[in-house]
Amino acid sequence: MTGARPPRWARRLVALLVTGRHREFVLGDLEEMYARRRGRGSRRAAVLAYLGWGLRSAPRAWASKVFAGAGGDLRAALRQFRSNPRVYIGGSAVLALGLGAGAVAWGIDYGAFGRGLPVSAPDRMVAIWMVETETRERRYDFSPADRELLAERVPVLDGVGLWTWADVTLAGGGAAPQRARATRASPSMFDLLELRPLHGRVLAAFDAEPDGPTAVVLGHRFWVRRYDADPDIVGRALDLDGRPAVVVGVLAPGERFVSEDLWIPIRDGRGATGRDYQMLARLTPGVAAEDLASALGGFGERLPPDGDGRPPEVRLEAAEWVASLRATSGTRYMAIVVWSGVLLFLMALANVANLFLVRARARTRELAVRRALGAGRLRIVRQLALEAAIPALLGFVGACAIAAVALDWYQGLREIYAGGPISSWQAYRLELPHVAVLAAGALLSTVVVSLVAGLREFGRDQPGTLRAGRGTTSRFRLGQGLVAVEVALGGALILLSALMIRSAWNLRSMDWGFETESVLTGHVILDDARYPTPDDRLRFWDAVSAELAAIPGVESTTLATQLPMIRYAGRWGAVRAVEVDGRDPVLDPADLPLHYVDAVTPTFFDTFESPVVAGRGFAPSDVAGAEPVALVNTHFARRFFPDRSAVGGRVRVWRDGEPGPWRTIVGIAPHLWMDTDENENPEGVYVPLAQTAPAEASLAIRVRGVPGDYAQALRDVVRRLDPDLPVADVRSMPELIRFRTRTYRVFGFPFIWVGLAALVLVVGGLYAVVSYIASLRTAEFGIRAALGATLPELVARSVLAGVPAIAIGLAAAIACGLALTRGFSRFMFEVDPWSPAVIAATFATLVLTTLLASLVPALRTGRRLDLVRILTTE
Amino acid sequence: MGGRLGELEQLLLMALVRRGGEASAIDLREELEERTGRVVLPGAVYTVMERMVERDFVSSFTGEATPARGGRRRKYYSLEPAGERALAHSYRQVRRMAEGIAARLERVLEGT
């Protein structure tokens, strides 16, 4: 393990600690000691030892100067804590919330992109892709032939693998047929990902040959679930998409790439040019990513051309694996997550600083006396720092707990929506770097708080303070400023949260315009091996329709290639080029607009209780051989037939560059979310299933009672007709919609909590500060009351003092909030970030809560005035 | 005289002799830890060695920067005749003081 260096954060920390004449040599020695220690044991132990050495190498003289007499100050700080526990516990809770939120935000980002692949050299793993040379737009994938070329000709690559996701149907092997998630990969992927088998072997080069049964490697979890951890599974014959396959191995526990159930080889044959695969590669040791970029330069022209529409001028680009992920997914989202965490931390910091500022203010006289008695600046600042360290320490412990629980919850949420383990490079949990950052945050809060309070203290005219006694009526500018900052930051997050709550509400109360509650669905794919002709397929679909309709309690049955709101990226696909008769002649079919095309049975609109808008629906007589017909939806009709009825017009659907027959439009279909929730204006065409005979379809039944009660009956129907055919996604329509809209839940809903935390911080911070200021003004209130001021006048005076700060904060909050929500609309359902209602609601919430937070303590002080005592003591 | 040695000075000079009269601070530290089990931080080694440089017991020179040290240089120390004499003198004192009580001290250690 020679050459191992401590993590960068640890090196930086130790570099901060070590000072003095021999600094360079000591730091060098510590790194060497780390490398030697690392050679003997785990990385964690070596890092801890390294930090320990660094800490003990901090110069003693510096330490002794700071810590001399610290015991007395510590006792004084603890006395302060005992006499004002509410201030300290409040401060601790606020810091715990802020620090915890910051750690959770970073933990989410680190969990997604911070670790890299779980291999021995994650920084050598790179993703390679193709882009158009001119525009650099769109990424293109690779073919097995491309892989062979790169593996042979690019010496800086130590291994090259291809992979893609595939949904497969698995039957035989002693278990019921099932749809499974497969990673279709080149055998080299196992070497790249360092995946080890528990039984049998992983895929080998000869498994990629197109003859013989397909070799299958089972994931550990899938093996346990489906085959009950049967150790004799290796060698057993299976049926994969209707073709023979054989299990050659089972992976060890936890070994995975994405959340696949099983692995199958790419068997396109040597030299195949279909570009369907993503590329993962490993750099030769000692090669930097930039060297790869230059090695790949000009390689684009050498790749064989193909007919999939890839432009002729391409070039290859590469990036470290996690960096490439960051570039393609959710950069903006993660940035907002991290910044929200930072904002919450800053708010907490502003809160605690403010709290201590008012505390220091209350003790102006005490501190002035101490200074007059000879306490140096260092002593005063140290005492303030020790006082600030108590909530920092408690806040740190609380933040660790919050972060651990929240990250665990988030991991669970991700796993629920992934339907199993999440990708191998992701994990959301509290780890040593997070704890280190939390500790640094706590330290920072101590430094900031004591410096803010200390600087204010030293900026004061000391003899003047002593002469003037308790100066309580002077303006409190720094505190007001901190309140404004807090309201601004908090308000921005609260606005974001309000938009998320609106989004959640919209999702719950959305009327999709079709029946969802009583509909049960399932999805079936017919394999080419057993259902080769349209007649075979239609016979099956007819039989399924008839049998489903015969289940007692079923009110209506339909089959469709796409259900409303649901989009399967199956072989049939959802999007086709559609030509409208009478429009400008199209010279190149590639120029035709793409639209949603759904093949449905005549009962489709009846099942979803959403009748056709004009004309007629499909009839049982619209079969193959009869006149080809179609329905278009309202959006399609509005666009292509703006000034006349679409009924009677003609369209034709293109597939694989070939035109289908002209179809007469016989009716207008309602808007049924053909492009899911992502598109409110999908333009689409419906065709009779009997005239297209698709190889896959969703089954949907509208039932009396609870849809889930019919799940077994639906499965039984398919099993009776074909025992080897699995039904996937047997779920009620509401469940499917919940799954479909999971992005909003996984990515959007955490922000509701962020907003609530921000609200708590704003209200808590304001309340603490105003109540403290009010308590300091007790004497002033008393004198004013004695002179005839009424309670409302006193309270109004106290509250009005905070109004300018709050007003400035509010204005900044709305501006910041709108800036934050830009680009966030993907995670909000049917919400306009500029929605006046939401902005007004946020504004009202902020005004009300801030007013209440200032009013309550002012009222409390006003009510408890003991005039006699005040007037006799002042 | 200026030849009197502290305990750590004595041990580090012995480590230097064991390493052939020339060694880096990190090697001295390791030698000390291996033979005595005593853990000394690099900072302490430099402080003591630099004191002995001032007294001409040892001389120092710096090596090349290496990647293993994060691009930092190493510091080496060489034993000087004065240091060797001081060590010999100091060792003789210890040996003389131990005469007649060595067996007893050994028994104490065996008993622990």
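Me: At what N to O distance do the side chains of Glu30(B) and Arg36(A) meet in a salt bridge?

Reply: The model is predicted, with local features needing pLDDT of at least 70, side-chain atom pairs counting only at pLDDT 80 or more, and totals for chains, interfaces and linings using all residues. Side-chain values rest on heavy atoms without hydrogens or water, residues are numbered from 1 along each chain as its sequence is written, and chains are lettered from A and ligands numbered from 1 in the order in which they are written. A salt bridge here is a side-chain nitrogen of Lys or Arg within 4 Å of a carboxyl oxygen of Asp or Glu. Glu30(B) and Arg36(A) satisfy this through their side chains, the N to O distance being 2.5 Å.

Me: How many salt bridges are there between chain B and chain A?

Reply: Several of the charged residues belong to one network of salt bridges, which includes Asp29(A), Glu32(A) and Arg36(A) along with Asp27(B), Glu30(B) and Arg74(B). Over all chains, the structure holds 40 salt bridges. For those between chain B and chain A, the count is 7.

Me: Is Arg69(B) buried or exposed?

Reply: The side chain of Arg69(B) meets that of Asp29(A) in a salt bridge of 2.8 Å, N to O. This pair crosses between chains, from the loop between β2 (58-62) and β3 (75-79) of chain B to helix α2 (residues 23-40) of chain A, where helices (H or I, at least four residues) and strands (E, at least two) are DSSP runs numbered from the N terminus. Asp29(A) has 2% relative accessibility and therefore counts as buried, the classes being buried under 20% relative accessible area, exposed over 50% and partly exposed in between, with a 1.4 Å probe and protein chains only. Because its relative accessibility is 0%, Arg69(B) likewise counts as buried.

Me: Which residues of chain B lose the most area to chain A?

Reply: The contact, meaning heavy atoms within 4.5 Å, takes 20 residues from chain B and 17 residues from chain A. About 1800 Å² is buried between the two chains, with 56% of it on carbon and sulfur atoms; buried area is the accessible area (1.4 Å probe) lost on putting two parts together, summed over both. On the side of chain B, three residues together account for 31% of what is buried there, namely Ile26(B), Leu41(B) and Arg72(B).

Me: How many residues apart in sequence are the parts that Arg652(A) and Glu579(A) tie together?

Reply: The side chains of Arg652(A) and Glu579(A) form a salt bridge of 2.9 Å, N to O. Arg652(A) is in strand β17 (residues 650-655) and Glu579(A) in strand β13 (residues 575-580), so the separation of the parts tied together is 73 residues.

Me: Which residue joins its side chain to that of Thr558(A) in a polar contact of 2.7 Å?

Reply: Thr558(A) sits in strand β12 (residues 554-560) of chain A and is buried because its relative accessible area is 0%. Its side chain also reaches the backbone nitrogen of Phe604(A) at 3.3 Å. A polar contact is a pair of N or O atoms within 3.5 Å; within protein, one must be able to donate a hydrogen and the other to accept it, and residues adjacent in sequence count only if both atoms are side-chain atoms. The side-chain partner at 2.7 Å is Thr601(A).
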